[in-house]
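Trainee: Please choose one part of this model, take me through it closely, and give the cut-off behind each term when you first use it.

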Amino acid sequence: MPANEQSEKKDSMRLQQYMAHSGVASRRACESIILEGRVKINGQTVTELGTRVTSGDKVEVDGSLITPETQMRYVLLNKPEGYLCSLSDDRDRPVAIDLLKDKYTERLYNVGRLDMFSTGLIIFTNDGEFAKKLSHPSAELEKEYIVESSTPLPRNLADDFTKGIRIDDVFYRCKEARELNSHKIKIVLIEGKNREIRRVFESMNVGIKSLTRVRIGCVEIGSLKKGESRNLTPSEVQGLLKLCHN
């Protein structure tokens with residue numbers, strides 16, 4: 001291979017990797033964006049995942065020019081109720097990222113989700129590799145929730161949820177569940193299927209008064225108030241990565 005081709009190959013990276021390093025989304029999400037035809041390189045729409053780009057290429061996503069960010073951000077937000085974990089909403093509902101825009105200029109996106117009516121910890125980053133590692137099902141990263149019910153908890157709820165419950169052909173099982181009092185329970189999930197806790201409670205006719213995520217892996221909510229955010233410390237970032245099993 002000629003020297004100039006070797007140099008060009010060394011200087012290039014896969015398009016989805018370039019996008020992730022630019023804070024667009026996780027690498028997996030970037031692949032979907034490419035396949036949807038939303039990416040252009042030097043003015044040409046690209047839908048091939050194997051496409052490579054170099055530092056001299058002009059890359060646009062949805063018409064906006066992107067460039068890799070040199071400053072990696074890892075932000076912890078205590079999401080209040082009523083905010084969506086999405087970068088935008090076509091119904092103009094409030095999104096959690098709006099709570100960070102005054103503090104951070106980087107393009108951040110959420111790692112995982114909390115439903116609109118749940119509160120608590122959510123991590124935002126512009127590091128695609130970090131997001132991919134934490135969000136992959138094989139990571140088996142613990143998420144701890146405190147749930148307050150509007151009606152007394154059934155005595156069998158904690159045991160049944162720990163053993164596993166099948167609802168509409170979907171199997172739900174938590175790693176740990178411990179009743180704190182007649183209306184409050186601690187639940188630890190690993191995979192966390194969509195609306196898992198709410199579906200289990202609904203199946204047992206138990207109303208939820210509040211649902212709060214208080215821990216992600218080694219990171220706890222501490223004194224962080226609703227709507228507040230802070231940077232993760234380097235030791236917390238490394239601690240989260242070490243806890244991932246992938």
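Mentor: What follows looks at the largest pocket and then at the elements that supply its lining.

The model is predicted, so local features are given at pLDDT of at least 70 and side-chain atom pairs at pLDDT 80 or more, while totals for chains, interfaces and linings use all residues. Residues are numbered from 1 along each chain as its sequence is written, and side-chain values rest on heavy atoms, without hydrogens or water.

As a setting for the pocket, the protein has 7 helices and 17 strands, which are DSSP runs of H or I over at least four residues and of E over at least two, numbered from the N terminus. The C-alpha trace spans about 70 × 40 × 35 Å along its principal axes. Of the 246 residues, 43% are buried, that is, under 20% relative accessible area, with exposed over 50% and partly exposed in between (1.4 Å probe, protein chains only). Among contacts (heavy atoms within 4.5 Å) between residues at least 6 apart in sequence, 65% join residues at least 24 apart.

The largest pocket has a volume of about 1300 Å³. Of its 43 lining residues, those closest to the centre are Asn110, Val111, Gly112, Arg113 and Leu114. A pocket is an open set of points on a 1 Å grid over the protein atoms alone where a 1.4 Å probe fits, with protein on both sides within 12 Å along at least five of seven lines, and lining residues have an atom within 4 Å of a point; points are joined across faces, edges and corners, and the volume is the space filled by probe spheres set on them.

Six elements each give at least two residues to this lining: the helices H3 (27-35), H4 and H6, and the strands E8 (109-111), E10 (143-149) and E15 (208-216). H4 provides the largest share, with 4 residues. By chemical class, the lining holds 21 nonpolar, 10 polar and 12 charged residues, where Ala, Val, Leu, Ile, Met, Phe, Trp, Tyr, Cys and Pro count as nonpolar, Asp, Glu, Lys and Arg as charged, and the others, Gly among them, as polar.

Helix H4 also takes part in the 1 aromatic pair found in the whole structure. The partners are Tyr74 and Phe130, whose ring centres are 4.8 Å apart with planes at 75°, so the arrangement is edge-to-face. Because Tyr74 belongs to strand E7 (residues 74-79) and Phe130 to H4 (residues 128-135), the pair ties together parts that are 56 residues apart in sequence. Rings of Phe, Tyr and Trp (its six-membered ring) pair if their centres lie within 6.5 Å, with planes under 30 degrees apart stacked, over 60 edge-to-face and the rest tilted. Both Tyr74 and Phe130 are buried. In the loop that runs from H4 to E10 lies Glu140, a residue other than glycine with a positive phi of about 50°; its relative accessibility of 40% makes Glu140 partly exposed.

In helix H6, which covers residues 196-203, is Arg198, a residue that counts as buried because its relative accessible area is 12%. The side chain of Arg198 joins that of Asp115 in a polar contact of 2.8 Å, meaning a pair of N or O atoms within 3.5 Å of which, within protein, one can donate a hydrogen and the other accept it, residues adjacent in sequence counting only if both atoms are side-chain atoms. Beyond four places in sequence, Arg198 touches Asp115, Phe117, Ser118, Ile208 and Leu211.

Leu211 is also among the contacts of Thr119, which include Leu114, Thr212 and Arg213 as well. Thr119 sits in strand E9 (residues 119-125), and a relative accessibility of 4% places Thr119 among the buried residues. Between the side chains of Thr119 and Thr212 there is a polar contact of 2.8 Å.

For comparison, the second largest pocket has a volume of about 430 Å³. Its lining has 18 residues, and Gly23, Val24, Leu87, Arg107 and Leu108 are the closest to its centre. H3 gives the most to this lining, with 3 residues, and the classes are 10 nonpolar, 2 polar and 6 charged. Val24 is in the loop between helix H2 (15-21) and H3 and is buried, since its relative accessibility is 4%. Outside its neighbours within four places in sequence, Val24 has contacts that include Cys30, Ile33, Leu87, Arg107 and Tyr109.
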